[in-house]
Amino acid sequence: MKVKVKVWDGHGLPVGETLECGRKALKIGFWKWIKLKTSGVVELMSYRNPSWKNSLVFHIVRCKRHGYFIDHVHGYSESVYGMSEGFTCPKCWNNSTKN
Ligand SMILES: [Zn+2]
């Protein structure tokens, strides 16, 4: 069983379908979805852009203000935006750099 989740993808990963609102619709396994609902973060996939040295593990994370987004773990010092430590919501990031 798969569940559809709408996410913000600031990294342009080759997954899901892009929606008119700018978000993407992803299908994830039921247990991943449960984990996302209960903990606010779940592992999505490992991905390596051809220009990157190493592959990164991407997660779906919940932002209190914008809903779900995709990100990989950042260093601790960058974790001021979004809800979960170590992740940066692309919408919060945009808002903070506009001012
Ligand atoms: Zn946000």
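The secondary structure of this protein comes to two helices and six strands, where helices (H or I, at least four residues) and strands (E, at least two) are DSSP runs numbered from the N terminus. The model is a predicted one, in which local features need pLDDT of at least 70 and side-chain atom pairs count only at pLDDT 80 or more, while totals for chains, interfaces and linings use all residues. Residues are numbered from 1 along each chain as its sequence is written. Followed along the sequence, the elements give the pattern β-β-β-α-β-β-β-α.

We can begin with the sheet. Its six strands are arranged in the order β2-β3-β1-β6-β5-β4, forming an open sheet with mixed pairing; two strands are taken to pair if DSSP finds at least two bridges between them. In general, strands of a sheet pair through backbone hydrogen bonds, either parallel or antiparallel. The edges are formed by β2 (17-18) and β4 (41-47), each of which pairs on one side only. At one edge, β2 runs antiparallel to β3 (residues 24-29) and is joined to β3 by two bridges. Here Glu17 stands opposite Ala25 of β3. At the other edge, six bridges link β4 and β5 in the antiparallel sense, with Glu43 opposite His59 in β5. Strand β5 also runs antiparallel to β6, again over six bridges; one of the facing pairs is Phe58 with His72 in β6. The link from β5 to β6 is a hairpin of three residues.

Helix α1 (residues 30-39) packs on this sheet and touches β1 (2-9), β3, β4 and β5 (56-63). Contact here requires C-beta atoms, placed from the backbone, to lie within 7 Å. The direction of α1 makes about 110° with that of β3, with axes being lines fitted to C-alpha atoms (for helices, over the stretch in contact) and angles running from 0 to 180 degrees between N-to-C directions. Of the 10 residues of α1, the number buried is one, so α1 lies largely in the open. A residue counts as buried if 20 or more other C-beta atoms lie within 10 Å of its own, as exposed if 12 or fewer do, and as partly exposed in between, with C-beta atoms placed from the backbone. Just after α1, Gly40 takes a positive phi of about 85°.

Strand β5 offers a handy contrast to explore: six of its eight residues are buried, so β5 is largely enclosed by the rest of the structure. Over the protein, buried residues make up 27% of the 99 residues. The largest nonpolar core has 18 residues, a core being a set of buried Ala, Val, Leu, Ile, Met, Phe, Trp, Tyr and Cys residues joined through C-beta atoms within 7 Å. Those with the most contacts inside this core are Val5, Val7, Ile60, Val61, Tyr68, Phe69 and Ile70. Strands β1, β3, β4, β5 and β6 (67-72) each give two or more residues to the core, and the largest share, four residues, comes from β5.

Finally, Asp9 deserves a look. This residue belongs to strand β1 and counts as buried because it has 20 C-beta neighbours inside 10 Å. Leaving aside neighbours within four places in sequence, Asp9 is in contact with Lys24 and Ile70. The C-alpha atoms of Asp9 and Asp71 are separated by 7.5 Å, although the two residues are 62 apart along the chain. Among contacts in the protein between residues at least 6 apart in sequence, 33% join residues at least 24 apart.

How values were computed: Two residues are in contact if their C-beta atoms, placed from the backbone, lie within 7 Å.
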